[in-house]
Amino acid sequence: PRSTPLYSSAASDVYKRQVNNQSYSQELEKTYFGGGCFWCMEESFDKVEGVTNVVSGYSGGTKPNPTYKEVTYGDTGHIEVVEITYDTNKISYEELLNVFWKNIDPFDAAGQFCDKGYSYKSAAFYINDNQKKLIEKSIKAIENDFNYIVVVGPFQNRSQTNNAREDFRRLNMDSLPPKCREINDELRSIP
């Protein structure tokens with residue numbers, strides 16, 4: 001169960017919880033990653049220790065609160081993203097970046113896996129200078145071995161997807177394209 005925030009801001013929340021009659025604080029922060037289909041990204045981050053919430057949506061673009069159809073089939077300039085809320089006492093931003101890099105193909109500028117188009121580009125959006133610095137540092141480390149394309153920019157906004165889209169991947173696993181099901185099965189097998 002979620003508790004009431006003691007402090008709240010756009011980028012970080014501090015929660016106090018009771019567990020087995022012991023109090024502890026969570027230092028919650030948010031980050032935003034795009035890695036193709038947001039359902040595949042949800043799967044990757046949902047099971048990471050220290051991640052408390054993953055929500056699908058869109059970032060960038062020119063239209064406020066676009067629909068899935070407008071983003072996917074239109075020219076709104078949005079990228080599908082996941083908003084990740086995480087406890088900095090349990091996982092670092094660098095560790096989240098490692099999860100991100102392992103779940104995208106940084107060589108595919110046209111999208112990710114079976115999803116192609118602008119809205120499926122990979123992106124690491126920062127909300128503060130520290131995140132920007134850590135993203136740039138991780139990119140330089142990758143560039144030592146590879147030439148790749150990934151979007152890095154300041155986080156501008158996020159529009160939540162509609163309820164029918166939020167849990168689509170989990171509820172409709174059998175109807176997803178074979179490649180997405182294959183990736184999902186591979187991710188489940190990782191210890």
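## Briefing: aromatic pairs and nonpolar cores

Phenylalanine 33 has a relative accessibility of 0% and therefore counts as buried, the cut-off being under 20% relative accessible area. The model described here is predicted. Phenylalanine 33 is also one of the residues with the most contacts inside the largest nonpolar core, and its ring forms a stacked pair with that of phenylalanine 45.

**Overall architecture**

- Seven helices and ten strands make up the secondary structure listed for the protein chain.
- The protein chain has 191 residues, and 47% of them count as buried.
- Among contacts in the protein chain with a separation of 6 or more, 66% are between residues 24 or more positions apart.
- The protein chain has an accessible surface of about 10600 Å²; carbon and sulfur atoms account for 48% of that surface.

**Nonpolar cores**

- In soluble globular proteins, nonpolar side chains tend to be buried together.
- The largest nonpolar core of this model contains 31 residues, and Phe33, Phe45 and Phe100 have the most contacts inside it.
- Helices that give two or more residues to this core are H1 (38-46), H2 (68-73), H3 (93-102) and H4 (129-143); the strands that do so are S4 (51-60), S5 (78-87) and S8 (122-126).
- Helix H3 gives the most to this core, contributing six residues.
- A second core, separate from the largest one, consists of six residues, including Tyr32, Val81, Ala123 and Phe125.

**Aromatic pairs**

- Nine aromatic pairs are found in a search of the whole structure.
- In the pair of phenylalanine 33 and phenylalanine 45, the ring centres are 5.6 Å apart and the planes lie at 15°; the pair is classed as stacked because planes under 30 degrees apart meet that criterion.
- This pair links distant parts of the chain: phenylalanine 33 belongs to strand S3 (residues 22-35) and phenylalanine 45 to helix H1, twelve residues apart.
- Phenylalanine 45, like its partner, is buried, with a relative accessible area of 0%.
- The rings of phenylalanine 38 and tryptophan 39 have centres 5.5 Å apart and planes at 75°, so this pair is edge-to-face.
- Both phenylalanine 38 and tryptophan 39 are buried.

**Aromatic cluster**

- Phe33, Phe45, Tyr86, Tyr93, Phe100 and Trp101 are linked into a cluster by ring pairs.
- Phe33, Phe45 and Phe100 from this cluster are also the residues with the most contacts inside the largest nonpolar core.

Technical notes:
Residues are numbered from 1 along each chain as its sequence is written. This is a predicted model: local features need pLDDT of at least 70, side-chain atom pairs count only at pLDDT 80 or more; totals for chains, interfaces and linings use all residues. Side-chain values use heavy atoms; hydrogens and water are left out. Helices (H or I, at least four residues) and strands (E, at least two) are DSSP runs, numbered from the N terminus. Buried means under 20% relative accessible area, exposed over 50%, partly exposed in between (1.4 Å probe, protein chains only). Contact means heavy atoms within 4.5 Å. Accessible areas come from the Shrake-Rupley method with a 1.4 Å probe; for residues, only the protein chains shown count as cover. A nonpolar core is a set of buried Ala, Val, Leu, Ile, Met, Phe, Trp, Tyr and Cys residues joined through side-chain atoms within 4.5 Å. Rings of Phe, Tyr and Trp (its six-membered ring) pair if their centres lie within 6.5 Å; planes under 30 degrees apart count as stacked, over 60 as edge-to-face and the rest as tilted.
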